[in-house]
Amino acid sequence: MLDRVTSIPMEGLIREVAGLKANGYRFVTLSCIALDENNGDKKNFDFIYHFDKDLGLSHLRLTVPAGAIVPSISRVYFSAFLVENEIQDLFGIPFEGLAIDYRGTLFLDKGPAPFSQDPVPSGQGQDKPGAPGTAPDSPKEG
Amino acid sequence: MFKMTPIVLKNLVSPAATRRYPAEIRPEFENFKGKPVHDLDTCTFCGICALKCPSQCLEVDKKSGTWTFDPFACVYCGICVESCPSGSLSHAPRHSSPVSGG
Amino acid sequence: MRTIIPFGPQHPVLAEPIHLKLVMEDEKIQEVVPALGFVHRGLEALVSQRDFHQMIQVVERVCGICSMIHAMCFCQGIERLMGIEVPPRARYLRVIWSELERIHSHLLWLGLLADSMGFESLFMQTWQVREKILDIHEATAGNRIIVSVNTVGGIRRDISRSSLDWILSQLAEVKARVKEIGPTLLEDYTVKKRTTGKGVVPRDQAWELGLAGPTLRASGVAQDLRMLRYEAFSDLDFEPVTETDGDAHARCRVRYREIFQSIDLICQAIVKIPDSEIRAKVKGRPEGEILVRVEQPRGELVYYIKADGGKHLERLRIRTPTFANLPALLFMLPGHWLSDVPVILMSIDPCISCTER
């Protein structure tokens, strides 16, 4: 199981992450899970931020309600922009303040986000039109 | 130049490092995982191989007594051979040659 | 005058399908913007269609070069969630196969780095040495590249005593050959000119960017996840290989020395391997959430697994080391010439199929 998990509210996210960076923690990754609760037909999401120092792990858990905009931690840890763009693509959750924003075209072309709907039963494909990738915004000051 | 000359001379007289394929074929090792080879007589049509196959390339029908295998979907993992309770599956000893044509 | 040169996804010296938009002023790079998405297969979404046993085969195919280690990480996660104890012999066999994978991956990488510099004969020599390792794979596990030997609870195939001795003799030949090739890589004038001082990452920036693996160790941080002492690494003796320069040549040296470290680890494991069964009985289904980390040839591999007691897992999240090393490119490349791009890109050992899954 995961130990050393701290649950935080969305307002405290940047402050906590900056605190961990000041303590010398390294950003490992961010996991996003769609929680299967019947909250008025919309799904909530569970964000877990993983950090590492001296081979020991520490986690932050954040519950994101459907439709919320999450502040990006790429202003604290620059390398987080890649994983946050991936979550934008796959889950359709918008982030605010991304260092480089691919606007949903990092992995996929424009279309519905795969993990935000129910899984497609096997045998049925999703035909997405082959739109050429749009250029991302140029990097802002990290 | 003095470092290179012995190497060049050695390379001139030593045999080729490559094999003259397809005239010379290196035989596969004993434990090679080839295609699953099925023995219809010992098969009990339990369907365990089809259940466990990760790429869903096997179909077993008890009623009609058929065992179908899609070689293009197979990933050569060997799970069907391992889990067969009656031992009617084994690995082919040679790999399949590339398919060509039409 | 600024121009934008698109580099990739298909390029004669580029081994991986990544697209880089290089903003150039004359021949010097000013900015880099990477673009991915050319090999995205959506493997994480397959958890809803394959049960947790079949997922091992899916996870093995995230990357061909380090497939056994992906499967090992996944099996470790499931085993910890279900409380399964892996028998000792299986733990040693996993170490042997994962270190063989590490040697084969580093040799492959060495060849590709030489090819990106245009040094094709070195490329062919290293890949010839690598053939010996692939022969070992085929003789013991049955497949050359994607060795499907992991299962929840242990290993599917055993290696006999005579095979273990044969592996030792083959590794002695590999070691001798790599030692012969070593001076070309480390001291050759042209290789040094093209790699020294390129793509320097200072130690603090490496830690802050969250780099992983040899890219991090070449900047002076001694972090090797095998020190977590998983599998049989708790009985084996080794130290992380580090260098301090942080440039592409330092990363070469780290990987070169790691080949010898892996050969030494396999020899230790073959001597110490105990006799026991190779597979534990698996009953039931996993429940809970867990994060597992192992050391892949490219760095730190992280698996987050969440299960709810059913046949299918609820969520599988894979973070591969190239995912962590890619943002470093945005800092490594500016200021260099256009011709340095393939060398610097290869020096972080990219594996885009891992990154995009």
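Two chains are in contact here when heavy atoms of one lie within 4.5 Å of heavy atoms of the other. By that criterion there are two pairs of chains in contact, and chains A and C share the most contacts. The model is predicted, with ipTM 0.83 and pTM 0.87.

**Start with the whole assembly**

Colour by chain and look for the pair that does not touch. No contact joins chain A and chain B. Their closest C-alpha atoms lie 11 Å apart. Chain C, by comparison, has contacts with chain A and with chain B.

**Select chain C**

Show chain C alone as a cartoon. Its secondary structure comes to 13 helices and eight strands. The C-alpha atoms fill a box of roughly 65 × 45 × 35 Å along the principal axes. The radius of gyration of chain C is 20 Å, which agrees with the value near 21 Å that a compact globule of 357 residues would have. Colouring chain C by confidence gives a mean pLDDT of 87, and 100% of the residues reach 70 or more.

**Add chain A**

Bring chain A back and select the residues at its boundary with chain C. The selection should hold 45 residues of chain A and 47 residues of chain C. Together the two chains bury about 3,600 Å², with 63% of that area on carbon and sulfur atoms.

Which elements of chain A should be highlighted on the side that touches chain C? After the polar pairs across this interface, of which there are 14 with both residues at pLDDT 80 or more, turn to strand 2 (26-39), strand 3 (42-53), strand 4 (56-64) and helix 2 (80-91) of chain A, each of which gives two or more residues to that side. Strand 2 of chain A gives the most, with ten residues. Colour this side of chain A by residue class: 31 residues are nonpolar, eight are polar and six are charged.

Now show the charged side chains at the boundary of chains A and C. Five salt bridges cross it. Go to A:Asp52 and C:Arg293, one such pair, whose closest N and O atoms are 3.0 Å apart. Then centre on C:Arg317, which forms a salt bridge with A:Glu86 at 3.8 Å between the closest N and O atoms. C:Arg317 lies in strand 8 (residues 315-319) of chain C and A:Glu86 in helix 2 of chain A, so the pair joins two chains. For context, the count over all chains is 37 salt bridges.

**Select chain B**

Hide chains A and C and show chain B as a cartoon. Chain B has three helices and four strands. Read from the N terminus, the order of elements is α-β-α-β-β-α-β. Is chain B compact or spread out? The radius of gyration of chain B is 22 Å, well over the 13 Å that the globule rule gives for 102 residues, so chain B is more spread out than a compact globule. The C-alpha trace of chain B spans about 75 × 35 × 25 Å along its principal axes.

Colour chain B by confidence next. The mean pLDDT of chain B is 81, and 96% of its residues reach 70 or more. Among the elements of chain B, helix 1 (residues 4-13) has the lowest mean pLDDT, at 82, while helix 3 has the highest, at 86. Where pLDDT is low, the predicted coordinates should not be read in detail.

**Finish at the boundary of chains B and C**

Restore chain C and select the residues in contact. There are 20 from chain B and 18 from chain C. About 1,500 Å² is buried between these chains, 38% of it on carbon and sulfur atoms. Show B:Phe29, B:Asn31 and B:Lys33 as sticks: these residues supply 36% of the area that chain B buries against chain C, more than any other three residues.

How many salt bridges are there between chain B and chain C? The count is two. Zoom in on C:Arg156 and B:Glu82, which form a salt bridge with their closest N and O atoms 2.7 Å apart. Eleven residue pairs are in polar contact across this interface, with both residues at pLDDT 80 or more. Helix 2 (48-52) and helix 3 (79-83) of chain B each supply at least two residues of the side that touches chain C. By class, that side of chain B has ten nonpolar, five polar and five charged residues.

Definitions and conventions
Residues are numbered from 1 along each chain as its sequence is written. Chains are lettered from A and ligands numbered from 1 in the order in which they are written. Side-chain values use heavy atoms; hydrogens and water are left out. Buried area is the accessible area (1.4 Å probe) that two parts lose on being put together, summed over both. A salt bridge is a side-chain nitrogen of Lys or Arg within 4 Å of a carboxyl oxygen of Asp or Glu. A polar contact is a pair of N or O atoms within 3.5 Å; within protein, one must be able to donate a hydrogen and the other to accept it, and residues adjacent in sequence count only if both atoms are side-chain atoms. Ala, Val, Leu, Ile, Met, Phe, Trp, Tyr, Cys and Pro count as nonpolar, Asp, Glu, Lys and Arg as charged, and the others, Gly among them, as polar. pLDDT is the predictor's confidence in each residue, from 0 to 100. The radius of gyration is taken over C-alpha atoms; the globule rule is 2.2 Å times the number of residues to the power 0.38.
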